[in-house]
Structures are given as structure tokens and as C-alpha cells.
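User: Hi! Could you walk me through the charged side-chain pairs in this one?

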Amino acid sequence: MKNRIVELRSQYKLTQDDLAKKLNVSRQTIISLERERYNPSILLAYQIAQIFSLSIEEVFMFKSKEEKV
């Protein structure tokens, strides 16, 4: 799943570690999310969106297997 986490972290001047602490997850989880290797649970997606004052859809973009990105 594509996401804007790197872009948003930069805008909010947060490190991966800062965001991980706010979400009570490991830095490795943030790395995996940013590299699109891990899809978050709906709860984690909601928490991330809340930190950036956005909707889930504004942070995460679903891409189907047919789409080449």
C-alpha cells in the first residue's frame, strides 16, 4: 500500500524514532511502512492519520496488483 509517511514526517520534522514512540511501535515498523513492505492494521493507520491531522485516505493509497507504480 502506497503512503505519504516519509513526506509527512518531513513536514512535521519527525524522525522515524519520534513517530515510532508516538505510535508505541518499533522504528523497524516505521521503516517497513515507509518502504511499503508492511500494511498497517486499521487501528495503526488511524493513529498515523491522527498524528498528521489527516484522514486515512490522505495518508494511505491502495494500489491494486494490476497497477504498476
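Analyst: Happy to; below we go through the salt bridges and how accessible their residues are. Keep in mind that this is a predicted model.

User: How many salt bridges does the structure hold?

Analyst: There are three salt bridges in it.

User: Which side chain does Glu-34 meet?

Analyst: Glu-34 pairs with Arg-9, at 2.5 Å from N to O. Glu-34 belongs to helix H3 (residues 27–34) and Arg-9 to helix H1 (residues 5–11), so this contact ties together parts that are 25 residues apart in sequence.

User: Nice. Is Arg-9 buried or exposed?

Analyst: Buried: Arg-9 has a relative accessible area of 12%, which is under the 20% cut-off. Its partner Glu-34 is buried as well, at 14%.

User: Switching to helix H2, which residues pair up there?

Analyst: Asp-17 and Lys-21 do, with their closest N and O atoms 3.2 Å apart. Both sit in helix H2 (residues 16–23), four residues apart, or about one turn of the helix.

User: And how accessible is Lys-21?

Analyst: Lys-21 has 62% relative accessibility, so it counts as exposed, the cut-off being over 50%. Asp-17 is partly exposed, at 32%.

User: What about Glu-7, who is its partner?

Analyst: That would be Arg-4: the two side chains form a salt bridge at 3.0 Å, N to O.

User: Where do those two fall on accessibility?

Analyst: Glu-7 is partly exposed at 38%, and Arg-4 is also partly exposed, with a relative accessible area of 23%.

Technical notes:
Residues numbered from 1 in each chain as written. Predicted model: local features only at pLDDT ≥ 70, side-chain atom pairs only at ≥ 80, totals over all residues. Heavy atoms only, no water. Salt bridge = Lys/Arg side-chain N within 4 Å of Asp/Glu carboxyl O. Buried < 20%, exposed > 50% of the residue type's maximum accessible area, 1.4 Å probe, protein only. Helix = DSSP H or I, 4+ residues; strand = E, 2+ residues; numbered from the N terminus.
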